[in-house]
Amino acid sequence: MKKKLIITILVAALVIGLLSGGTFLYRRHQKNANPIKVYSVSMINSGGMGYDSHSMNGNITVSSSQNVYLEKNQIVKEVYASEGDAVKAGDKLMLLDMTKQELDLESDKATLEEYNTDLIVLKGELDELYNVTPVPDNAENYKSPAEERLEKAEAAFNEAEEKLAEVEANNPEESEDYIKADTLKNFCDTYLGDENAPKQEDYQDEATYQAVLTYRAALKGNIDADIKTAEDNYKTLKDKYDADHKTAEDIFNAAKDEKEEASKAVEEEYKNNQGKKTYTKTELAEAIKEKEKAVESKKLAIRKQEILVKQSETKVDKGTIVATMDGTITKVDLSDENIADGKPVITISGTTGYQAILNVDEWNLVNIKIGDRVNIMNYDNGMNYEGKVIDIGLSPVDNYYSSGDVSYYPVTVSINAAAEDNIYPGQWIEATFDTSSSDNGAEGICLLLPFVKKENGNSYVMVNENGYLKKKYVKTGKTYWGYCIEIKSGLSMEDEIAFPYLKDAVEGKKCVLSENLDEIYK
């Protein structure tokens, strides 16, 4: 019976092993069957985005007048305009005192410089983390010799502190003998002193008077004896206390000095890079992640501060108010009451022309300046016009769609068109600004967005590594025209990548190079 049971167990184990092996081989065959297509980065690269544009929509209006407003805190240095004057676009109307704005600009620049310094420090700290060799994850309790010394010194200091407190808690001045001697002395001074001695005339006879004197002398003698005993006992306690206190205090001071020295040793160890903070693999990965997040956060703060500097520079540049159209000055009123009511201080009635006010986000606003040319397309009649930026608002637009912390500012463009060009107020137009910047290299890598996936906030592609797919993280930059994304690092023109949204686009999947990009759409 026992032999039969053993044979049954062996047969069952053999069957299970064959099934497991068969399943593994089947899955491996399925994974390597029908290899997934990969494409050369050089073939699918959209090229460097040397030209970048920004488009905004708005409605055409008739620019029949120009109104100039002042804020309460703005100071006018000089006025060049008078009612009835004929002006042309670009003529000076007013000069403002920009002292405050110039101070704000200097403050914004100083903050920007501070942020750039912070970024250099953060990058240095990040580079140090990149060069750290971590200890295994199970060595989280590792301490350097200096740290072990400090730990022992802190324990000895705590023990010495407790002992000193224990000794001081037995202060003999709070003992029964000290209190008793003090109390008896006070009693003698109060009741048995010479000033309280009985007088003979207070008694009827000499015998009674002498008896009282004898009683008082005997009482004082007994009390003096008790005081002497209590003082002797107190002195004994005081001598022992002084000795114990000095010993405990010496030990405490020595422990305190050792603790301070050990603490300095740890600091010196870090400074000299002899005892860098030790990280486990998990701790180091988390520290690098946090430091990278701090670097990116500081970069974002720098970008925002750069915008503030640009805006401050724009405000300073706006110290000279100019006419934006040809026309006649119909109002000049710089009274405090007029400014407080929010009314225009200067009004120009101009010849009929056309303009549009567009809301531009702060990121693109820094690349736009007065006088920039604008390409305008009229959705209603399909015609194209040329335009020019004639005004940039200094205050964000209220109640306008925004994403996150992005603010939008009003930008006014004039439209080079006449009524015979089939243009009229209310038509819907699209204005395109050229916001190209010099940092867009012509040799950069730009991929279609679907070739890049995200995981926990990090971007990655599926790259061919020795014939099998592998996940590779990349750093991305700007997104162009809503469908192309810049690859800053992590990928080269020689790499081959797969379309990552396919069902079989997983790590370990066998892959093969394809020269036909159209296959991806089949």
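**Reading a predicted fold, feature by feature**

Tutor: Let's start with one residue: Asn466 is exposed, with a relative accessible area of 74%. On this scale buried means under 20% relative accessible area, exposed means over 50%, and partly exposed lies in between (1.4 Å probe, protein chains only).

Student: Before we go on, what kind of model is this, and how are residues numbered?

Tutor: This is a predicted model, in which local features need pLDDT of at least 70 and side-chain atom pairs count only at pLDDT 80 or more, while totals for chains, interfaces and linings use all residues. Residues are numbered from 1 along each chain as its sequence is written, and side-chain values use heavy atoms, with hydrogens and water left out.

Student: Thanks! Where does Asn466 sit, and what is its phi?

Tutor: In general, most residues other than glycine have a negative phi. Here, Asn466 has a positive phi of about 55 degrees, although it is not a glycine. Asn466 lies in the loop between strand 17 (458-465) and strand 18 (468-480). Helices (H or I, at least four residues) and strands (E, at least two) are DSSP runs, numbered from the N terminus.

Student: How many helices and strands does the protein chain have?

Tutor: The protein chain has 9 helices and 21 strands. Of its 522 residues, 31% count as buried. You can also look at contacts, meaning heavy atoms within 4.5 Å. Among contacts between residues at least 6 apart in sequence, 76% join residues at least 24 apart.

Student: How should I read a sheet, and which strands form the one with strand 6?

Tutor: Strands of a sheet pair through backbone hydrogen bonds, either parallel or antiparallel. In this model, 3 strands form an open sheet in the order 4-6-7, with antiparallel pairing. Two strands are taken as paired if DSSP finds at least two bridges between them. Strand 4 and strand 7 are the edge strands, each pairing on one side only. From one strand to the next, the twist averages 30 degrees.

Student: Which residues stand opposite each other in this sheet?

Tutor: Strand 4 (residues 75-79) and strand 6 (residues 92-97) are joined by 4 bridges, and Val76 stands opposite Leu96 of strand 6. Strand 6 pairs with strand 7 (residues 320-322) over 3 bridges. There, Leu95 faces Thr320, and Met94 stands opposite Ile321.

Student: Now the helices. What describes a packed pair?

Tutor: Two packed helices are described by the angle between their axes and the distance between the axes. The axes are lines fitted to C-alpha atoms, for helices over the stretch in contact, and angles run from 0 to 180 degrees between N-to-C directions. Angles under 35 degrees count as roughly parallel, over 145 as roughly antiparallel, 65 to 115 as roughly perpendicular and the rest as oblique. The axes of helix 3 (residues 99-130) and helix 7 (residues 281-317) come within 9 Å and cross at roughly 160 degrees, so these two helices are roughly antiparallel.

Student: What is the handedness of the crossing of helix 3 and helix 7?

Tutor: Helix 3 passes helix 7 in a left-handed crossing. A crossing is left-handed if the near helix is turned anticlockwise from the far one by less than a right angle, and right-handed if clockwise. The residues in this contact of helix 3 with helix 7 divide into 18 nonpolar, 5 polar and 14 charged. For these classes, Ala, Val, Leu, Ile, Met, Phe, Trp, Tyr, Cys and Pro count as nonpolar, Asp, Glu, Lys and Arg as charged, and the others, Gly among them, as polar.

Student: And how do helix 5 and helix 6 cross?

Tutor: The axes of helix 5 (residues 176-191) and helix 6 (residues 206-271) come within 8 Å and cross at roughly 150 degrees. Helix 5 and helix 6 are therefore roughly antiparallel, and their crossing is left-handed. By class, their contact has 11 nonpolar, 1 polar and 6 charged residues.

Student: Which residues does Lys185 touch?

Tutor: Lys185, in helix 5, touches Ile227 and Glu231, not counting residues up to four places away in sequence. Its C-alpha atom is separated by 8.3 Å from that of Asp224, 39 residues apart along the chain. At 37% relative accessibility, Lys185 counts as partly exposed.
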